[in-house]
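These are my notes from looking up the ligand site and one strand. I record each item in the order in which I consulted it.

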Amino acid sequence: MNQSELFSQIQQKSSFLCVGLDPDLEKIPRHLLSEKDPIFSFCKAIIEETADFAVAYKPNIAFFEALGAKGWETLAKVSELIPKDIFTIADAKRGDIGNTSKLYAKAFFESMDFDSVTVAPYMGKDSVSPFLEFENKWVILLALTSNPGSMDFQLIEDKAGKPLYQSVLEKSQEWGSPQNLMYVVGATRGELIGEVRKIAPDHFFLVPGVGAQGGSLSEVAKFGMNSSCGLLVNSSRGIIYASSERDFAQVARKEAEKLQLEMRELLEKYL
Ligand code: OMP
């Protein structure tokens, strides 16, 4: 999916919601455990109920690969279920020397046909570029993450006082364009989203951290929205585990709808 198709989905649905699929056997409703593939049944029900409000789905690969070969099979079945007009993100946080990155890219873009993959910038250009060589596919590069440990390296300043995440943003713009490169910017860093937007005015941001991690959607929109929206805001646990009862998918639907209604207002306000 290209950038204008993504923006057009956002306009059609009045939503920039990404539903995170982080299915954990210990957290899914108990009654699903008797199913042949409980994780598949869980994701299927969540996707069916939230697809009206979501412009993206982000399966977190860890939750699938933790289950071994069966987890990979489930991931493939789940990704096939996602409607074709919805953007897909393989949240795998990959990156390695060039020839290895190339095969990671093939795994997620060719074997599984995801639209995008999350990539760590730490190993530099040759570890990221192989992912950028696929037409209509995207790298989502970690810039300023939502977790407390983001302070450990990302905010360290160089001699000129520039924090590392800003160098990542500047340097990586030499490798890709707003047509194939997005950035992860955590919703928990509301005050800094505006700084990121100044450095990357045209790129889409994947913004995790609303819901369970406490980030503010209105702050994200205020500081982060650009003229093509430029935001995919993710919520995982806040939606998928809103209920652990038999009605979990309907409750997930309500949570997704709540966020979408707020997003509609924010799009009307800032776009
Ligand atoms: P919830 O906190 O349950 O909404 O989940 C957040 C999801 O986003 C998880 O799958 C995380 O792995 C992911 N994530 C972050 O929470 N923080 C980041 O900085 C980056 C990501 C990510 O790349 O998606």
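I count a residue as near a molecule if one of its heavy atoms lies within 4 Å of it. I also note at the start that this is a predicted model.

Entry on the ligand shell. I looked up the surroundings of the ligand and found 17 residues, of which D22, N60, S146, Q213 and R237 come nearest. Sorted by class, the shell has four nonpolar, eight polar and five charged residues. I then asked which strands each supply at least two residues of this shell. They are β3 (87–94) and β8 (231–235).

Entry on polar atoms. I checked three side chains against oxygen atoms of the ligand. A polar side-chain atom of D22 lies 2.7 Å from such an oxygen; for Q213 the distance is 2.8 Å, and for K58 it is 3.1 Å. On its own the ligand has 510 Å² of accessible area, and the protein covers 90% of this.

Entry on the annotation. In an unreviewed entry, UniProt places the feature "domain: Orotidine 5'-phosphate decarboxylase" at residues 16–252. I found this span to be 39% helix and 18% strand, with its end C-alpha atoms 16 Å apart.

Entry on strand β6. Is β6 (residues 181–185) largely enclosed or open? Five of its five residues are buried, so the rest of the structure largely encloses this strand. L181, Y183 and V185 point one way, while M182 and V184 point the other way. I looked next at its partners: β6 pairs in the parallel sense with β5 (residues 138–144) over five bridges and with β7 (residues 205–208) over two bridges. V184 stands opposite L142 and also opposite L206 in β7.

Definitions and conventions: Residues are numbered from 1 along each chain as its sequence is written. This is a predicted model: local features need pLDDT of at least 70, side-chain atom pairs count only at pLDDT 80 or more; totals for chains, interfaces and linings use all residues. Side-chain values use heavy atoms; hydrogens and water are left out. A polar contact is a pair of N or O atoms within 3.5 Å; within protein, one must be able to donate a hydrogen and the other to accept it, and residues adjacent in sequence count only if both atoms are side-chain atoms. Accessible areas come from the Shrake-Rupley method with a 1.4 Å probe; for residues, only the protein chains shown count as cover. Helices (H or I, at least four residues) and strands (E, at least two) are DSSP runs, numbered from the N terminus. Ala, Val, Leu, Ile, Met, Phe, Trp, Tyr, Cys and Pro count as nonpolar, Asp, Glu, Lys and Arg as charged, and the others, Gly among them, as polar. UniProt positions are given in the numbering used here, feature names are shortened, and annotations may be inferred rather than shown by experiment. Buried means under 20% relative accessible area, exposed over 50%, partly exposed in between (1.4 Å probe, protein chains only). Two strands pair if DSSP finds at least two bridges between them.
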